[in-house]
Amino acid sequence: MDVEELADAIGENVRRYRQALGWSQDALAQACGLSKGTIVAIEQQRSNPSVATLCALSESLGVGLQTLLERPSGPMMKVRHPADAVVLWSTPAGSRSTLLMGTDPPAAVEVWSWTIAPGEAFEGSAHPRGTTETIHVHEGTVEVTVAGRSCTLEPGDVMVFEAHEPHGYACAGEQPAAFAMWLVIGDEGELPGTFSHAEPLDG
């Protein structure tokens, strides 16, 4: 890789990893002690940064120096098998929420699988403004409540709602309710909330 190709790879990588963190050019400059003009020149592939500058960038971006120098091989591809999914909450009755996959900011999306046992419910706190949740019911009957308004979903139903108000899900039938949920996060944030009668898994 010649000098020009190396500058292209560095510029593309710096921009890509900065955006993945949801940082502006000003924020990255402040984090690594460089001027914004230096960041702009690197991302526009008009600069041949020193080793010290590259080390500061790699440390601030949380990637290895070698990663910063490699030409990206193509769009990010990530596969998670069922055994890799993380069950974050469960109840003795069988309710559980499983995080199947998530992406990094600024385009943060989480994919969840939910099962709620009869008589149980999940009460969620408000997410950052701009966050939406989309639910697709597979089995059973789900009652969704958003800011005090409720609706009932049957198998095959799909619902999307703004999640910056308190919201919750409940099993509204005699059989467990199972549904998929896509969480599109408006700003950086976690998924707060607690199951009724739920206990976190050990570890």
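Okay, a quick definition to start: buried here means under 20% relative accessible area, exposed means over 50%, and partly exposed is in between, using a 1.4 Å probe and protein chains only. By that count, 36% of the 203 residues of the protein are buried.

Now the small print. This is a predicted model, so to speak with care: local features need pLDDT of at least 70, side-chain atom pairs count only at pLDDT 80 or more, and totals for chains, interfaces and linings use all residues. Residues are numbered from 1 along each chain as its sequence is written, and side-chain values use heavy atoms, with hydrogens and water left out.

On to the overall layout. The protein has 5 helices and 12 strands; those are DSSP runs numbered from the N terminus, helices being H or I with at least four residues and strands E with at least two. Contact, whenever I say it, means heavy atoms within 4.5 Å. Take the contacts between residues at least 6 apart in sequence: 65% of them join residues at least 24 apart.

Let's look at helix α2, residues 25–32, and helix α4, residues 51–61. Their axes come within 9 Å and cross at roughly 110°. The axes are lines fitted to C-alpha atoms, for helices over the stretch in contact, and the angles run from 0 to 180 degrees between N-to-C directions. So α2 and α4 are roughly perpendicular to each other, a label that covers 65 to 115 degrees, with under 35 being roughly parallel, over 145 roughly antiparallel and the rest oblique. The residues that meet are Leu28, Ala31 and Cys32 from α2, and Ala56, Leu57, Ser60 and Leu61 from α4. Sorted by class, that contact has 6 nonpolar residues, 1 polar and no charged. For the record, nonpolar is Ala, Val, Leu, Ile, Met, Phe, Trp, Tyr, Cys and Pro, charged is Asp, Glu, Lys and Arg, and the others, Gly among them, are polar.

Staying with α2, which residues are buried there? They're Leu28, Ala29 and Cys32. These cover an arc of only 100° around the axis, so they sit on the same side of α2; the arc is that of the directions from the helix axis to the C-beta atoms. What covers them includes α1 (3–20), α3 and α4. Right after α2 comes Gly33, with a positive phi near 75°.

Next door in the numbering, α3 (36–43) has Ile39, Val40, Ala41, Ile42 and Glu43 buried. The buried residues of α3 pack against α1, α2 and α4.

One residue to click on in α1 is Ile10. At 1% relative accessibility, Ile10 counts as buried. Leaving out residues up to four places away in sequence, Ile10 touches Ile42, Pro49, Leu54, Leu68 and Leu69. And Ile10 is 9.7 Å from Gln44, C-alpha to C-alpha, with their positions 34 residues apart in sequence.

Last thing, backbone oddities. Most residues other than glycine have a negative phi. Gln45, which follows α3, has a positive phi of about 60° and isn't a glycine. Gln45 is in the loop between α3 and α4, and it counts as partly exposed at 31% relative accessibility. The other one to show you is Ala147, with a positive phi near 50°. Ala147 lies in the loop between β6 (142–146) and β7 (149–153), and is partly exposed with a relative accessible area of 47%.
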